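Q: I would like to go through this structure with you. Could you take me through it step by step?
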Amino acid sequence: MNKFKKLLNLFWTMFKIGLFTFGGGYAMVGIMENELVERKGMIEHEEFLNLLVIAESTPGPIAINSATYIGYKIAGVLGSVVATLAVALPSFIIIFIISLFFNQFLSIKLVGYAFKGIQVAVCYLILSAGLKMFKKLNKKPITIIVFIVALTLHVTLTLLAKNFSSIYYILASGIIGLIAYSISYFAKKKKGEKQ
Amino acid sequence: MIYLQLFFTFFKIGLFTFGGGYAMIPLVRDEAISLGWITEEAFVNFIAVAESTPGPIAINMATFIGSTSAGILGATCATLGVILPSFIIILLIASVLKKLLEVSGVKAFIKGIHPTITALILSTGLTMLLNSLFSIKNIGSAFSFDYKAVIILAVIILANFLYKKIFKKKPSAIILIIISAILGMILYSF
């Protein structure tokens with residue numbers, strides 16, 4: 001019974017977080033901290049900091065990563081299932097309803113005009129997100145080279161209407177990262193042997 | 001079978017999205033548009049909706065594309081597909097592979113990905129902007145200059161700048177979306 005109550009509490013908390021968080025993953029993580037660490041004490045602060053590092057360096061939406069991790073820490077595998085579904089459910093319901101009417105909604109003339117304007121804002125938002133990430137990049141030569149090559153290739157191929165999935169770019173650059181690391185690792189080792 | 005295809009495509013997208021919602025946009029664009037699930041224009045429109053509704057952009061997109069191409073079952077498959085990689089990886093890290101992220105090879109791989117994700121996001125924003133300002137989709141498209149879109153862009157940049165000066169923080173995406181919607185309604189009505 002106690003476990004059931006815990007799971008219900010977890011579900012409800014995560015559902016609320018999924019329902020009221022606008023503005024992406026980080027906003028959500030802030031609210032999770034407030035609700036789960038400070039108000040309910042369901043998880044230790046240190047554990048929460050751990051979580052942030054993990055959520056950032058694993059694939060997938062930060063909100064989902066955090067919910068899975070917190071759910072597991074609070075109530076095991078079942079907890080992680082409950083927390084993950086609960087945080088995704090509000091979006092799913094809202095977007096599903098929107099998807100039923102979206103095209104009709106867009107065919108209203110004035111709404112269509114509004115969205116022509118909105119498209120410009122979306123481009124701006126994407127570009128500024130990209131620029132923000134660029135500022136945070138380390139500016140080592142290899143990083144800059146990979147950046148320039150990927151940017152040039154992707155822009156060119158998009159303009160040539162050639163379809164080449166982004167996944168390949170990501171895989172290739174991950175492998176380059178691995179190779180660069182191995183080279184510097186072995187170079188260091190060799191240097192160490194000489195001395 | 002569209003349901004399986006939705007599931008696996010979004011599973012792939014979920015697996016390769018590092019670095020939050022915007023990092024996902026190039027992947028969804030490449031995969032979903034080429035499979036004919038959504039048009040470029042509908043995709044851009046929907047990003048605005050995803051930004052203005054609660055919840056992670058990734059979930060919003062999977063649900064929307066799944067639903068418009070294959071109904072509620074499609075939405076369920078796509079959404080579960082995009083969630084599952086995160087779920088599995090985090091569960092592994094939280095339970096048995098606690099040190100996975102400290103393995104130097106894994107670290108090097110993730111570090112290697114950063115500049116590429118940044119480049120992909122910038123490229124996507126850039127080519128979308130070319131499309132919206134000059135109707136340039138690819139080399140073959142006829143060039144047409146939409147000065148109204150340029151005005152909207154200029155106003156957004158100005159609004160962003162003024163907001164930062166006055167309130168000492170960045171405006172939320174929703175504020176910029178509302179401004180551009182109002183401008184769009186006014187400018188394109190004439």
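A: In this predicted model, 90 residues of chain B are in contact with 80 residues of chain A; contact requires C-beta atoms, placed from the backbone, to lie within 7 Å. Local features need pLDDT of at least 70, side-chain atom pairs count only at pLDDT 80 or more, and totals for chains, interfaces and linings use all residues. Residues are numbered from 1 along each chain as its sequence is written, while chains are lettered from A and ligands numbered from 1 in the order in which they are written.

Q: Which element gives the largest share of the side of chain B that touches chain A?
A: That is α5(B), with 25 residues. Helices are DSSP runs of H or I with at least four residues, numbered from the N terminus.

Q: And by class, what does that side of chain B have?
A: The side touching chain A has 54 nonpolar, 31 polar and 5 charged residues. Ala, Val, Leu, Ile, Met, Phe, Trp, Tyr, Cys and Pro count as nonpolar, Asp, Glu, Lys and Arg as charged, and the others, Gly among them, as polar.

Q: Changing topic, which residues of α1(B) are buried?
A: They are B:L6, B:F7, B:T9, B:F10, B:I13, B:G14, B:L15 and B:F16. Buried means that 20 or more other C-beta atoms, placed from the backbone, lie within 10 Å of the residue's own.

Q: How are the domains of chain B assigned?
A: Domain 1 covers 2–100 and domain 2 covers 147–189, with bounds from an automatic or database domain assignment. Their C-alpha centres lie 28 Å apart.

Q: And chain A, which is divided into what?
A: Chain A has domain 1 (1–108) and domain 2 (137–195), and 33 Å separate their centres, taken over C-alpha atoms.

Definitions and conventions
Contact = placed C-beta atoms within 7 Å. Helix = DSSP H or I, 4+ residues; strand = E, 2+ residues; numbered from the N terminus. Buried ≥ 20, exposed ≤ 12 C-beta atoms within 10 Å, placed from the backbone.
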